[in-house]
Amino acid sequence: MDCVIRPVRAGEWARVRELRLAALRDPLASLAFLETYEKAAAQPESFWAERTGTAAEGVGVRQFVAESGDGRWVGSVSALVERAGSDEVFGGAPAVDQVHLVGVYVRPEARGTGVAQALFRAALEWSWGLTEPRVERVRLYVHERNGRAQALYGKAGFVRSGQVVPMPGDASAKEYEMVVERAPDSPGNAA
């Protein structure tokens, strides 16, 4: 699928909201997202405007979207900077500066077309390009029963780190951490 991959812009909150609500209606949403459709749909416009504005600034968080030739958004991923020693959602404080990918979603009609891989490339390029902080790895979490997502992440170069955490809200389910480590020749490394 021919798409442009780009960061969101501050004024695009209504489009960010629409895509997020579509993601939360996906049949696998309960395995892929911590947020429910009902909670997200109840958020006021100001929530979406602030969230989108922050992602558009690209300081600490950046959201990338895949825009098809007709202007429709067909996918998204958000990258959150996590500082070493800071509190975060899963697995305790990070040991190194890293980026955590969240909100990975591609509309059904765009799946299997390379859109997800293009989104991952954009998020990884942004992550490796950071200088303050300079991140050492990019990670994400995947539900133990979401085999489709595990395969997708593996295709993008993510491997299981060995860390397994309980799913927030359901301690009987597990989430696997998957990571991509900074390559020795990645941008930002001394030659």
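**Close-up 1. A salt bridge joins R139 and E82 in this predicted model.** The two side chains meet with 2.9 Å between N and O. R139 belongs to strand β5 (residues 137-143) and E82 to strand β3 (residues 73-82), so this contact links distant parts of the chain, 57 residues apart. Look for both partners in the interior, as R139 and E82 are each buried.

**Close-up 2. R15 and E67 pair up within a wider salt-bridge network.** Here the closest N and O atoms are 3.5 Å apart. The pair links helix α1 (residues 13-24), home of R15, with strand β2 (residues 61-68), home of E67, across 52 residues of sequence. R15 is partly exposed, at 32% relative accessibility, whereas E67 is buried, at 18%. Follow the charges outward and you will meet R6, R9 and E12, which belong to the network too.

**Close-up 3. Two loops are tied together by R111 and D26.** Their side chains form a salt bridge, 2.6 Å from N to O. R111 sits in the loop between β4 (98-106) and α5, and D26 in the loop between α1 and α2 (29-32), so the bridge connects parts 85 residues apart in sequence. R111 is partly exposed, with 29% relative accessibility, while D26 is buried at 11%. In the structure as a whole there are 15 salt bridges.

**Close-up 4. The rings of F47 and W48 make an edge-to-face pair.** This is one of three aromatic pairs in the structure. The ring centres are 5.1 Å apart and the planes stand at 90°, which is why the pair counts as edge-to-face. F47 is partly exposed, at 27% relative accessible area, but W48 is buried, at 0%.

**Close-up 5. F120 in helix α5 meets F158 in a tilted ring pair.** The centres lie 5.7 Å apart with the planes at 55°, so the geometry is tilted. F158 comes from the loop between α6 (147-155) and β6 (159-167), and the pair therefore ties together parts 38 residues apart in sequence. Both rings belong to buried residues, and ring pairs bring Y153 into a cluster with them. Helix α5 itself is mostly covered, with 12 of its 15 residues buried.

**Close-up 6. Strands β6 and β7 form an antiparallel hairpin.** Six bridges join β6 to β7 (residues 170-181). V165 stands opposite E175 of β7. Two residues lie between the strands, and G169 adopts a positive phi near 90°. Finally, find R160 over the face of Y176, 3.7 Å from the ring centre.

Notes. Residues are numbered from 1 along each chain as its sequence is written. This is a predicted model: local features need pLDDT of at least 70, side-chain atom pairs count only at pLDDT 80 or more; totals for chains, interfaces and linings use all residues. Side-chain values use heavy atoms; hydrogens and water are left out. Buried means under 20% relative accessible area, exposed over 50%, partly exposed in between (1.4 Å probe, protein chains only). Helices (H or I, at least four residues) and strands (E, at least two) are DSSP runs, numbered from the N terminus. Rings of Phe, Tyr and Trp (its six-membered ring) pair if their centres lie within 6.5 Å; planes under 30 degrees apart count as stacked, over 60 as edge-to-face and the rest as tilted. A charge sits over a ring if NZ of Lys or CZ of Arg is within 6 Å of the ring centre and within 35 degrees of the ring normal. Two strands pair if DSSP finds at least two bridges between them. A salt bridge is a side-chain nitrogen of Lys or Arg within 4 Å of a carboxyl oxygen of Asp or Glu.
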